[in-house]
Amino acid sequence: MVPVRVSLIQLAVDAAESPDERRERVARLVREERDSDLVVLPELWTTGAFASPQFLHEAESPVDGPTSRLMSAAARDAGVWLHAGSIIEQGGADGLFNTSLVFDPSGELVRTYRKIHLFGFDEGEAVLMSAGGEVVTAELPQTVVGLATCYDLRFPELFRALVDAGAETLVIPAGWPAARRAHWSLLARARAVEDQAYVLAVGTAGTNGGVEQAGYSVVVDPWGEVLAEAGAGEEILRLDLDMERVARTRKEFPALRNRVLGLGEG
């Protein structure tokens, strides 16, 4: 099987660069990854995941707003599958959503995922946005990708649902804070081990909303081994994934078939 070549673009997100300037710059970065099969961007990279005062102003309605149009063109020009991270979607009467966009190599928007678990408890995203409710996968020629976003990483039941839907590769764009970087690395490895899948977790660098971002994007294999990890600054990780490794791991150590479903019901 031909390996999947992936590029994770860890972006610096701060107020020194406007969202429009960042969109143009990121489109150029995506076009430079034409040798890849799949390119992944972070969560809310146009505004920053903690820049909540800007959420309503920067919301895009519908999802084919400025970010979608530029990312569609960049995916088409590079001939790559592009997980364009997430945008703030103006969902009309349903409010705002943290919505991920996936484009195919022709530039067509083929999947959207509205973040299910909203962070902030009684402030920020948790108050300003509405939660999605759909488990979403995208079928690439070489692998089935399961979609999740940032805080979702703390909820293993979502990832089991993605595996049940056929996911072999779990893609997690994030705007994870530096204060909890240890959790980021630990949870990425845990999701890979328990679901016997590749994890591609890509975050942001810089500071937005007064919150320093963790960086340290990471690629983990189905056995829990870290294949590549970024530092704290802007960086691109590029590597080839052997997709047969997922099937091999699940066959050689078939833990998934020992799941006991329905615990706690009744």
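This report describes the sheets, helices, cores and selected residues of one protein chain, and the model it rests on is predicted.

## The six-stranded sheet

One sheet in this model is open and holds six strands, which follow the order β6-β7-β8-β9-β13-β14 with mixed pairing. Its edges are formed by β6 (137-139) and β14 (226-229), and because each of these has a single partner strand, one side of each is left without a neighbour in the sheet. From one strand to the next, the twist averages 15°. As general background, strands of a sheet pair through backbone hydrogen bonds, and they may do so in a parallel or an antiparallel way.

Within this sheet, strand β9 (residues 198-202) and strand β13 (residues 218-220) run antiparallel and are joined by three bridges; Val199, for example, has Val220 in β13 as its bridge partner. Helix α6 (residues 181-195) packs on the sheet, where it touches β8 (169-173), β9, β13 and β14, and the direction of α6 makes about 155° with that of β9.

## The hairpin at β13 and β14

Strand β13 is also joined to β14 by three bridges, and these two strands run antiparallel. In this pairing, Val218 stands opposite Glu229 in β14. Together β13 and β14 form a hairpin with five residues between them, and in the turn Gly224 has a positive phi of about 90°.

## Strand β1 and its partners

Strand β1 (residues 4-12) is mostly covered, since seven of its nine residues are buried. Seven bridges connect β1 to strand β15 (residues 235-241), with the two strands running antiparallel, and one residue of β1 that can be followed across this pairing is Gln10, whose bridge partner in β15 is Glu235. Strand β1 is joined to strand β2 (residues 38-40) as well, here by three bridges and in a parallel arrangement; in this second pairing Ser7 stands opposite Val39 in β2.

## Two helices that cross

General descriptions of two packed helices use the angle between their axes and the distance between the axes. For helix α5 (residues 156-164) and α6, the axes come within 10 Å and cross at roughly 40°. Angles under 35 degrees would count as roughly parallel and those from 65 to 115 as roughly perpendicular, so α5 is oblique to α6. The crossing of α5 and α6 is right-handed, and the contact is made by Pro156, Phe159, Arg160 and Val163 of α5 together with Arg191, Glu194 and Asp195 of α6.

## The nonpolar cores

The largest nonpolar core has 46 residues, and those with the most contacts inside this core are Val6, Phe159, Trp176, Val199, Leu200 and Leu241. Strand β9 gives the most to this core, with five residues. A second, separate core of 21 residues includes Val13, Ala27, Val39 and Ala74.

Leu241 can be examined through its contacts: when residues up to four places away in sequence are not counted, Leu241 touches Pro3, Val4, Val6, Tyr198, Leu200, Val219 and Leu227.

## Residues far apart in sequence

Ala205 is found in strand β10 (residues 204-205). The relative accessibility of Ala205 is 1%, and because buried means under 20%, Ala205 counts as buried. In sequence, Ala205 and Gln10 are 195 residues apart, yet their C-alpha atoms are 6.8 Å apart in space. Apart from neighbours within four places in sequence, Ala205 is in contact with Gln10, Leu11, Ala12, Val13, Gln213, Ala232, Gly233 and Glu234.

Arg69 and Pro177 are another pair to consider, with their positions 108 residues apart along the chain and a separation of 29 Å between their C-alpha atoms.

## Neighbours in helix α3

Arg69 lies in helix α3 (residues 66-78), and Ser68 also has its place in helix α3. Which of the two is buried, and which is exposed? Ser68 has a relative accessible area of 4% and is therefore buried, whereas Arg69, with a relative accessible area of 54%, is exposed. The residues that Ser68 touches, not counting those up to four places away in sequence, are Glu60, Val63, Leu101 and Phe103.

How values were computed. Residues numbered from 1 in each chain as written. Predicted model: local features only at pLDDT ≥ 70, side-chain atom pairs only at ≥ 80, totals over all residues. Heavy atoms only, no water. Pairing = 2+ DSSP bridges. Helix = DSSP H or I, 4+ residues; strand = E, 2+ residues; numbered from the N terminus. Axes fitted to C-alpha atoms, helices over the stretch in contact; angles between N-to-C directions. Contact = heavy atoms within 4.5 Å. Buried < 20%, exposed > 50% of the residue type's maximum accessible area, 1.4 Å probe, protein only. Core = buried A, V, L, I, M, F, W, Y, C linked by side-chain atoms within 4.5 Å. Parallel < 35°, antiparallel > 145°, perpendicular 65-115°, else oblique. Left-handed = near helix turned anticlockwise from the far one by under 90°.
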